[in-house]
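Let's walk through this model together, one element at a time. Keep the sequence and the 3D view side by side as you read.

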Amino acid sequence: MKTVSERLDKNNIPKHIAIIMDGNGRWAAKHGKPRIMGHENGVESVRSVVEGAGEIGVKHLTLYAFSTENWDRPKKEVDALMGLLVHAIEAETDELNKNNVRLSVIGNVAIMPEEVRHKLNGCIDALKNNSGLNLVLALSYSGQWDIVNAVKHLVADVQQNKITQETINNELFQNYLSTAKMPAPELLIRTSGEYRISNFLLWQIAYSELHFTNKLWPDFRKQDLFEAIIDYQNRERRFGKTSEQLTS
Ligand code: IPE
Ligand code: IPE
Ligand code: MG
């Protein structure tokens, strides 16, 4: 039997994969531990997935780590998540650098605690010359925030006569989104058996293939990422056309 990496078509690797990393709290409950232990164990999954994505030549990996709505969780959990973020950045920067990984962040980072922003900026700076995987953390992010933020900047540019209303189209609009420099994700993965988008990339996933798995995030490893990519490779992406149009 072929291994999962042998079954991967190396000529059809998505350039951009986005993941909704869900199920940390349920993983902790299953193991009789406090919720934060679920988040802590999720870091190992991030490590494994970043490594796997780099190995097979994925260009951009966007991880939904903290949503706009997650600010409404109990303060104790929010504080613990911020602390974990600071700790993980400190602990992982060297390894990311060895693996030639770059870091970027999307989201309303301005409202994150000063220490988190400081560590993030330090890590982004330390990795800025790397040419491998672009690891994108979605922090204090929501798809609706992204769109509204884009509209604000777009309107400002119209008011300052940098662009005219007539030139606004899909292509121009997406240049105002936080993902402007990236292609849209070909594949979106959500763990933990929930079938929803939870305000993640909204505009960008218009034609993404969706892969849902029951695995809880702290149990997810690069083999699971490869399985998701194999699932993606078996899809027919029609973009509104007929199947016959694609094969002729
Ligand atoms: C995902 O796991 C991590 C974040 C949203 C920060 P959850 O904390 O949502 O875990 P469940 O969904 O409660 O199991
Ligand atoms: C989505 O998970 C956000 C992240 C994974 C960061 P949630 O656990 O917050 O989503 P809902 O509330 O179940 O939709
Ligand atoms: Mg959840």
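Start with strand β6, where the side chains alternate: Glu209 and His211 point to one face and are buried, while Leu210 and Phe212 point to the other face and are not buried. Here buried means under 20% relative accessible area, exposed means over 50%, and partly exposed lies in between, with a 1.4 Å probe and protein chains only. Strands (E, at least two residues) and helices (H or I, at least four residues) are DSSP runs, numbered from the N terminus.

A word on the ground rules. This is a predicted model, in which local features need pLDDT of at least 70 and side-chain atom pairs count only at pLDDT 80 or more, while totals for chains, interfaces and linings use all residues. Residues are numbered from 1 along each chain as its sequence is written, chains are lettered from A and ligands numbered from 1 in the order in which they are written, and side-chain values use heavy atoms, with hydrogens and water left out.

Now step from β6 to its partner. β5 and β6 run parallel and are joined by four bridges, and Arg190 stands opposite Phe212 in β6. Two strands pair if DSSP finds at least two bridges between them. Zooming out, the strands form an open sheet of six with the order β3-β4-β2-β1-β5-β6 and parallel pairing. Its edge strands are β3 (102–106) and β6 (209–212), each of which pairs on one side only. From one strand to the next, the twist averages 20 degrees.

At the β3 edge, β3 pairs with strand β4 (residues 134–141) in the parallel sense over five bridges. Look there for Val105, which stands opposite Leu137 in β4. Helix α5 (residues 114–126) packs on the sheet, touching β3 and β4, and its direction makes about 140 degrees with that of β3. For contacts like these, heavy atoms lie within 4.5 Å; axes are lines fitted to C-alpha atoms, for helices over the stretch in contact, and angles run from 0 to 180 degrees between N-to-C directions.

What fills the interior? In soluble globular proteins, nonpolar side chains tend to be buried together. A nonpolar core is a set of buried Ala, Val, Leu, Ile, Met, Phe, Trp, Tyr and Cys residues joined through side-chain atoms within 4.5 Å. The largest one here has 43 residues, of which Ile17, Ile19, Leu61 and Leu225 touch the most other members. Elements that give two or more residues to this core include β1 (16–20), β2 (60–67), β5 (187–190) and α8 (222–233). The largest share, seven residues, comes from α4. Leaving aside neighbours within four places in sequence, Ile17 is in contact with residues including Leu61, Leu187, Ile189 and Leu225. A second, separate core of twelve residues includes Ile106, Val136, Phe200 and Leu201.

Next, see how the helices meet. The axes of α3 and α4 come within 11 Å and cross at roughly 30 degrees. That makes α3 roughly parallel to α4 (angles under 35 degrees count as roughly parallel, over 145 as roughly antiparallel, 65 to 115 as roughly perpendicular and the rest as oblique). α4 and α5 pack at an angle of about 10 degrees, with their axes 9 Å apart, so they too are roughly parallel to each other. Their contact is made by residues including Met82, Leu85 and Val86 of α4 and Val116 and Leu120 of α5.

α3 also packs against α8, at an angle of about 50 degrees and with the axes 8 Å apart; these two helices are therefore oblique to each other. Among the residues making the contact are Val49, Gly52 and Ile56 of α3 and Leu225, Phe226 and Ile229 of α8.

Finally, visit two loops. Most residues other than glycine have a negative phi, and most peptide bonds are trans. Asn161 has a positive phi, near 60 degrees, and lies in the loop between α6 (143–159) and α7 (170–174). Asn161 is exposed, with a relative accessible area of 68%. Phe239, in the loop between α8 and α9 (243–247), has a positive phi near 50 degrees and counts as partly exposed at 46% relative accessibility.
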